[in-house]
Amino acid sequence: MSQKYYITTPIYYPSDKLHIGHTYCTVATDALARYHRLRGEEVMFLTGTDEHGQKIEDKAKEAGVSPKEYVDKIVEGPGGVLDLWKLMDISNDRFIRTTDDYHVSAIQRIFKKLYDKGDIYKGTYKGKYCKPCESFWTESQLKDGCCPDCGRPVVDAEEEAYFFRLSRYAGRIQDLLENTDFLQPRSRVNEMVNNFIKPGLEDLCVSRTSFTWGVPVDFDPKHVVYVWIDALSNYITALGYENDRYDDYDKGWWPGVNIVGKEIVRFHSIIWPAMLMSLGEPLPRKVFGHGWLLLDGGKMSKSKGNVVDPYILAEQFGVDALRFFLLRTFPFGADGNFSNELLIQTINTDLANDLGNLVSRTTAMAGKYFGGTLPAARRYEKEKDDELVSMVLGLRDKYEEAMEQYAPHKALEEVFKVIQRSNKYIDENMPWALAKDMEANGARLASVLYHLLEATRVCGILLTPFMPGSMGKLFDQIGAEENCRTWLSARMWAALDAEVSVTKGENLFPRIDMEAALEKLEAAEAEAKRAALPDVEIEPQTEEKVDFETFCRSDFRAVKVKACEAVKKSSKLLRFTLDDGTGVDRQILSGIHQWYEPEDLVGRTLVAIVNLPPRKMMGLESNGMIISAVHTEKGEESLHLIMIDDAIPAGAKLC
């Protein structure tokens with residue numbers, strides 16, 4: 001019976017703009033899954049989407065749809081998560097959504113088991129909360145007053161909540177991290193122990209009452225389960241734990257390997273094992289925290305405007321070339337600096353010059369000198385052939401060692417040492433010179449070409465997890481039948497037929513003109529941005545001119561929203577209490593209730609004209625006007641308040 005291997009990526013927050021960073025972890029995990037399948041293991045590869053939480057609820061409200069409609073479109077709609085995984089040739093065996101009914105019911109049972117164990121209790125949460133990361137922080141954990149993970153501002157939060165006794169498991173977690181290889185790379189261990197455990201591991205807030213989009217606590221329905229309890233549990237609910245959708249949990253699949261980004265190592269290496277300890281379930285075999293793809297020195301992020309579209313890159317350079325670049329170029333445990341120039345350079349150097357050139361030259365010479373089919377007669381020359389043959393026969397072990405250490409970049413480095421040595425072998429043996437006297441050198445020429453085909457075959461087998469589509473074409477060109485494409489045959493010499501026939505097919509990896517490709521890429525990205533703009537109608541600009549002095553008499557100021565409430569008996573008006581920097585509260589009424597709820601505006605920094613004469617609205621005095629932008633979108637009027645950086649003080653003059 002073959003060995004079972006269960007490998008997972010984290011389930012992703014369904015962003016409405018996917019970038020190449022989203023694919024990095026999944027492509028790497030896919031390559032590892034394909035590697036284990038190549039070895040003959042039974043593999044289950046899980047990925048999915050994490051769809052609950054306050055930020056989803058807020059985004060859905062902004063979009064004017066229900067949270068489920070919002071996530072459905074992003075996960076299953078055109079250009080969504082499932083489309084991206086299909087594009088990137090991701091071979092996941094199972095896909096979980098945290099909104100799946102079986103998962104929701106399982107989370108309720110897990111929460112109740114932790115409660116019945118005495119590891120969950122009710123209290124009041126008061127502290128800092130990062131909405132984008134769905135993370136709770138203590139004051140001491142903040143970095144410059146902001147979330148230490150994403151760097152964005154946190155908000156004060158206070159509400160009734162349930163807590164998980166994380167502190168109860170501090171000693172066991174520290175022992176797990178320090179005295180086993182549970183968490184890799186090792187540098188992540190010191191970070192977790194020194195930053196979170198040694199300062200005093202605090203109990204974890206595991207429910208919320210300030211929003212509703214989550215798994216309800218079935219015995220206290222005003223609470224929803226904290227999104228990370230919900231998300232982490234997917235690794236076992238997807239196997240059938242506490243549900244009857246699947247029945248794989250007790251069939252040798254769990255424990256598994258969790259491949260995660262470094263920003264969520266804390267959840268996977270501290271909270272997740274503590275939950276499993278409380279439940280009395282086995283811990284993961286491994287948690288591996290990889291680095292980030294960086295762009296211009298910072299993490300790729302939609303909010304920072306520095307995303308790279310994987311659809312555009314895949315269309316221009318090919319899916320396999322993109323997959324290869326991600327795993328060849330950056331050490332998996334560290335951060336990597338992405339650039340389009342580096343992508344093109346890697347494709348040209350490794351794939352076009354080295355691998356593509358090897359396949360093209362070898363098949364072309366076999367066709368030119370032997371009509372595409374090598375003769376069985378061979379002449380081995382030890383001093384010229386031993387080094388290449390030895391490298392090829394030793395390659396699989398070196399590759400395997402690197403892959404088992406979660407170092408795909410090192411595995412690829414070993415493969416390309418053989419590819420580069422094979423190209424050098426061509427220059428050393430000069431087949432074109434041997435071909436001048438076929439009677440004397442035909443057997444030697446056939447031997448040289450056969451050695452090149454064998455080296456290419458073995459490299460192709462080991463490159464299959466990284467570039468599955470292209471390697472199928474490579475095998476067809478070099479005449480490698482199915483029995484020559486196996487893990488076992490990667491450690492064999494002369495697996496190809498003695499009279500192997502080759503086909504001079506298409507160039508697998510054409511060389512790319514750097515300047516032309518960058519221009520095309522820039523144009524494609526600009527077009528994609530234009531296409532993403534909403535179909536809007538802008539109100540025509542007025543032809544009446546206003547002199548400069550008249551404009552300057554309008555006093556635009558930054559104002560902070562201290563309070564906001566709906567005006568009674570009005571369906572449109574909101575009543576703002578504003579800090580305008582004078583020390584005296586300013587009241588402005590605005591007819592924007594159709595687009596904004598008052599509680600969502602408290603704390604925001606807006607722009608107002610403050611020197612307009614007072615006017616009465618619904619019996620209330622309004623002193624100024626809040627500035628907004630209005631347009632018509634798909635036949636309906638839409639309004640957006642002008643919001644500015646909260647760092648701008650109240651009363652600052654805009655000019």
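What percentage of the 655 residues in the chain is buried? The figure is 53%. Buried means under 20% relative accessible area, exposed means over 50%, and partly exposed is in between, with a 1.4 Å probe and protein chains only.

A word on the source. This is a predicted model, where local features need pLDDT of at least 70 and side-chain atom pairs count only at pLDDT 80 or more, while totals for chains, interfaces and linings use all residues. Residues are numbered from 1 along each chain as its sequence is written, and side-chain values use heavy atoms, with hydrogens and water left out.

Now the overall picture. The chain has 21 helices and 25 strands. Those are DSSP runs, numbered from the N terminus: helices are H or I with at least four residues, strands are E with at least two. The C-alpha trace spans about 110 × 70 × 40 Å along its principal axes. About 29900 Å² is exposed, and carbon and sulfur atoms supply 49% of that. Accessible areas come from the Shrake-Rupley method with a 1.4 Å probe; for residues, only the protein chains shown count as cover.

Contacts next. Take those between residues at least 6 apart in sequence: 74% join residues at least 24 apart. Contact means heavy atoms within 4.5 Å.

Charges. There are 80 positive and 100 negative side chains. The centres of the two sets lie 2 Å apart. Lys and Arg count as positive, Asp and Glu as negative; His and the chain ends are not counted. Each charge is placed at NZ of Lys, CZ of Arg, CG of Asp or CD of Glu.

On to the parallel sheet. Six strands form an open sheet in the order E3-E2-E1-E11-E12-E7. The pairing is parallel. Strands E3 (94–97) and E7 (183–184) are the edges, each pairing on one side only. Two strands pair if DSSP finds at least two bridges between them.

Look at E11 and E12. E11 covers residues 257–261, E12 covers 286–290, and they pair in the parallel sense over five bridges. Val 260 stands opposite Gly 289 in E12. Asn 258 stands opposite Val 287 in E12. Helix H11 (residues 265–279) packs on this sheet, touching E7, E11 and E12. The direction of H11 makes about 140° with that of E11. Axes here are lines fitted to C-alpha atoms, for helices over the stretch in contact, and angles run from 0 to 180 degrees between N-to-C directions.

On the other side of E12 comes its pairing with E7: parallel again, over two bridges. Val 287 in E12 is the bridge partner of Leu 183.

How many of the five residues of E12 are buried? Five of five. Lys 286, Phe 288 and His 290 point one way, Val 287 and Gly 289 the other.

Stay with E11 for one residue, Ile 259. Ile 259 counts as buried because its relative accessible area is 0%. Leaving aside neighbours within four places in sequence, Ile 259 contacts Phe 288 and His 290, and also Ile 7, Cys 25, Phe 332 and Tyr 406, among others. Ile 259 and Thr 26 are 233 residues apart in sequence, with C-alpha atoms 8.6 Å apart.

Back to the E3 end. Helix H3 (residues 67–76) lies across strand E2 (42–49) and E3, running at about 160° to E3.

One more covered helix: H13, residues 319–329. Of its 11 residues, 10 are buried. Among them are Asp 320, Arg 323 and Arg 328, along with Phe 324 and Phe 325.

Now the antiparallel sheet. Five strands form an open sheet in the order E19-E18-E17-E20-E23. E19 (586–590) and E23 (625–626) stand at the edges with a single partner strand each, so one side of each has no neighbour in the sheet. E17 (residues 556–566) and E18 (residues 574–579) pair in the antiparallel sense over six bridges. Ala 566 stands opposite Leu 574 in E18.

Last stop, a loop residue. Where does Ala 498 lie? In the loop between helix H19 (468–478) and helix H20 (514–532). Ala 498 counts as partly exposed because its relative accessibility is 44%. Not counting residues up to four places away, Ala 498 touches Leu 374, Pro 375, Ala 376, Arg 378 and Tyr 450. Trp 85 is 413 residues from Ala 498 along the chain, and their C-alpha atoms are separated by 40 Å.
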